Amino acid sequence: MNYRIVRSDKADEQLRDIIFYIADDSGSIDIALNYLDKIEKAINWLSSFPESGSIPHYSILRKQGFRVLIVERHMVFYKIDKEGKTVIIYAVVDGRMDYKNLL
């Protein structure tokens, strides 16, 4: 049985910001939409394979039950609710940033 994917408002906002930045930086809406599609496919993969993400490097995030899925230079932070068969996406951040304070 597949897991349901739920994204927090914060994750949606971060994803929008990433896509707007890519569109502005590259001058191409198509490049931004292709990158969005790549991230969306990776997130949707979690519905079938929720534990496919890695355990985060920072112990504080591990203790809170986060997992991380890496999509090129971005990191998708999520938790798995096994009882509710749900994957909750909490944040989508640039992996080059100090992300532990962004969650």
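Here are some exercises with worked solutions on a predicted model of a protein.

**Exercise 1. Which elements does the protein have, and in what order do they run from the N terminus?**

Start by counting: you'll find three helices and four strands. Next, walk along the chain from the N terminus, and the elements come out as β-α-α-α-β-β-β. Now put some residue numbers on them. Strand β1 covers 4–7, and helix α1 takes residues 9–26. Further on, β2 spans 67–71 and β3 spans 74–81, while β4 spans 86–94.

**Exercise 2. How does the radius of gyration of the protein compare with what the globule rule gives for 103 residues?**

Take the two numbers side by side. The radius of gyration is 14 Å, and the globule rule gives 13 Å for 103 residues. Those values are close, so the protein is as compact as a globular protein of that length. For a feel of the dimensions, the C-alpha atoms fill a box of roughly 45 × 30 × 20 Å along the principal axes.

Then look at what is inside and what is outside. Buried residues account for 38% of the 103 residues. The protein exposes about 6400 Å², with carbon and sulfur atoms supplying 51% of that area.

Finally, check the contacts and the charges. Of the contacts between residues at least 6 apart in sequence, 51% join residues at least 24 apart. There are 15 positive and 15 negative charges, and their mean positions lie 8 Å apart.

**Exercise 3. Is H74 buried or exposed, and which residues is H74 in contact with beyond its neighbours within four places in sequence?**

First, find H74 in strand β3. Second, check its relative accessible area: the value is 4%, and buried means under 20%, so H74 is buried. Third, list its contacts, leaving aside neighbours within four places in sequence: I18, Y35, L69, V93, D94 and G95. Fourth, pick out Y35 from that list, since a polar contact of 2.6 Å joins the side chains of H74 and Y35.

**Exercise 4. Sort Q14, D12, Y21 and D24 into buried, partly exposed and exposed.**

Begin with where they sit. Q14 lies in helix α1, D12 is found in helix α1, Y21 has its place in helix α1, and D24 is in helix α1 too.

Now apply the cut-offs: under 20% is buried, over 50% is exposed, and in between is partly exposed.

- Q14 comes in at 15%, so it counts as buried.
- D12 has 23%, so it counts as partly exposed.
- Y21 has 51%, so it is exposed.
- D24 has 66%, so it is exposed.

Next, see what these residues reach. The side chain of Q14 comes to 2.9 Å from the backbone nitrogen of V92. D12 has a side-chain polar contact with the side chain of R7, at 2.6 Å.

To finish, try some C-alpha to C-alpha distances. D12 and Y90 are 78 residues apart in sequence and 8.9 Å apart in space. Y21 and G95 are 74 residues apart in sequence and 15 Å apart in space. D24 and K79 are 55 residues apart along the chain, with 31 Å between their C-alpha atoms.

**Exercise 5. Where is S8, and what does S8 touch?**

Look in the loop between β1 and α1: that's the place of S8. Not counting residues up to four places away in sequence, S8 touches I89 and Y90. Closer along the chain, the side chain of S8 reaches the backbone nitrogen of A11 at 3.0 Å. Y35 gives a distance to compare with: S8 and Y35 are 27 residues apart in sequence, and their C-alpha atoms are 20 Å apart.

**Exercise 6. What is phi of E72 and of K85, and where are these residues?**

Step one is the general pattern: most residues other than glycine have a negative phi. Step two is E72, whose phi is near 50 degrees, a positive value. E72 sits in the loop between β2 and β3. Step three is K85, where phi is near 50 degrees, again positive in a residue other than glycine. Its place is in the loop between β3 and β4. One last check on K85: at 27% relative accessibility, K85 counts as partly exposed.

Notes:
Residues numbered from 1 in each chain as written. Predicted model: local features only at pLDDT ≥ 70, side-chain atom pairs only at ≥ 80, totals over all residues. Heavy atoms only, no water. Helix = DSSP H or I, 4+ residues; strand = E, 2+ residues; numbered from the N terminus. Buried < 20%, exposed > 50% of the residue type's maximum accessible area, 1.4 Å probe, protein only. Polar contact = N/O pair within 3.5 Å; in protein donor to acceptor, adjacent residues only side chain to side chain. Rg over C-alpha atoms; globule rule 2.2 N^0.38 Å. Contact = heavy atoms within 4.5 Å. Areas by Shrake-Rupley, 256 points an atom, 1.4 Å probe, with all protein chains shown as cover. Lys, Arg positive; Asp, Glu negative; His and termini not counted. Charge placed at Lys NZ, Arg CZ, Asp CG, Glu CD.
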